[in-house]
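Here are some short exercises to work through with the structure open beside you. Try each task before you read its solution.

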Amino acid sequence: MASTRTSHNDSTESLDDRKAGLWGALVGLIVAAFVAVPFSAAIAFATHPRTQQLFGGRLEETTAGGYSAFWWFVAILLGALPFLVGFGVAKLSGRTLLIVGGIIAVLIVVVVILGQIYVF
């Protein structure tokens, strides 16, 4: 009788793991859709040498190699983001995801409020 319970629990855990993997893939796909335009812009900035003139101030004064390296670094981070978010959703518990989501929401609200106060 104990062996049937063990096999039932194993199949239930396997089904839960598959659901978590599907949720992770879905969230990763959604993040990829949001990141697609900034990702392509970062690659365009990294590969076209004249885009450095678009940015005034300190970015305009940097070396071409440093400018290109910066945008390649941003492109790599943006490209990895959907995979990292999908993996996090698939592997983290629901409570941990809620805590991380709450922290991110608070940070976004703080950034928007500070942007409104100091920029406009």
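**Exercise 1. Decide whether Leu26 is buried, partly exposed or exposed.**

Step 1. Find the residue in this predicted model: Leu26 lies in helix 1.
Step 2. Recall the cut-offs: buried is under 20% relative accessible area, and exposed is over 50%.
Step 3. Leu26 has a relative accessibility of 39%, so it counts as partly exposed.
Step 4. Now look across to Pro82: its C-alpha is 9.8 Å from that of Leu26, although 56 residues separate the two along the chain.

**Exercise 2. Do the same for Leu77, then for Ala42 and Tyr67.**

Step 1. Leu77 is part of helix 3. Its relative accessibility is 48%, and therefore Leu77 counts as partly exposed.
Step 2. Ala42 belongs to helix 1. With just 1% relative accessibility, Ala42 counts as buried.
Step 3. Tyr67 sits in helix 3. Tyr67 is buried because its relative accessible area is 3%.
Step 4. Add a partner for each residue. Leu77 is 8.8 Å from Phe39, C-alpha to C-alpha, with their positions 38 residues apart in sequence. For Ala42 and Leu78, 36 residues apart along the chain, the C-alpha separation is 8.7 Å. Tyr67 and Phe45 are 22 residues apart along the chain, and their C-alpha atoms are separated by 8.6 Å.

**Exercise 3. Find the residues of the largest nonpolar core and say which helix gives the most to it.**

Step 1. Pick out the members: Ala42, Ala46, Tyr67, Trp71 and Ala75 make up this five-residue core.
Step 2. Assign them to elements. Helix 1 (2-47) and helix 3 (64-91) supply at least two residues each.
Step 3. Helix 3 gives the most, with three residues.
Step 4. Place this against the whole chain: of its 120 residues, 14% count as buried.

**Exercise 4. Describe helix 3: its span, its kink and its buried residues.**

Step 1. Take the span from the first C-alpha to the last. The 28 residues of helix 3 reach 40 Å, close to the 40 Å expected at 1.5 Å a residue.
Step 2. Follow the axis and look for a bend. There is a kink of about 35° at Leu81, shortly before the proline Pro82.
Step 3. List the buried positions. In helix 3 these are Tyr67, Ser68, Trp71, Ala75, Leu78, Pro82, Gly86, Gly88 and Val89.
Step 4. Compare this list with the core: Tyr67, Trp71 and Ala75 appear in both.

**Exercise 5. Work out which elements line the largest pocket, and what kind of residues they bring.**

Step 1. Start with the idea behind the search: rolling a probe the size of a water molecule over the atoms shows where empty space is left.
Step 2. Note the volume of the largest pocket, about 220 Å³.
Step 3. Select the lining: Val27, Val31, Leu84, Val85, Gly88, Val89, Leu92, Leu97, Val100, Gly101 and Ile104.
Step 4. Helix 1, helix 3 and helix 4 (94-118) are the elements that give two or more residues to this lining.
Step 5. Sort the residues by type. Nine of them are nonpolar, two are polar and none is charged.

**Exercise 6. How many helices and strands does the chain have, and what pattern do they follow?**

Step 1. Count the elements: four helices and zero strands.
Step 2. Read them along the sequence, and the pattern is α-α-α-α.

Note on methods. Residues are numbered from 1 along each chain as its sequence is written. This is a predicted model: local features need pLDDT of at least 70, side-chain atom pairs count only at pLDDT 80 or more; totals for chains, interfaces and linings use all residues. Side-chain values use heavy atoms; hydrogens and water are left out. A nonpolar core is a set of buried Ala, Val, Leu, Ile, Met, Phe, Trp, Tyr and Cys residues joined through side-chain atoms within 4.5 Å. Buried means under 20% relative accessible area, exposed over 50%, partly exposed in between (1.4 Å probe, protein chains only). On a 1 Å grid over the protein atoms alone, a cavity is a set of points where a 1.4 Å probe fits but cannot get out, and a pocket is an open set with protein on both sides within 12 Å along at least five of seven lines; lining residues have an atom within 4 Å of a point. Grid points are joined across faces, edges and corners, and a volume is the space filled by probe spheres set on the points. Ala, Val, Leu, Ile, Met, Phe, Trp, Tyr, Cys and Pro count as nonpolar, Asp, Glu, Lys and Arg as charged, and the others, Gly among them, as polar. The expected span of a helix is 1.5 Å times one less than its number of residues. The bend at a residue is the angle between axes fitted to the seven residues ending there and the seven starting there.
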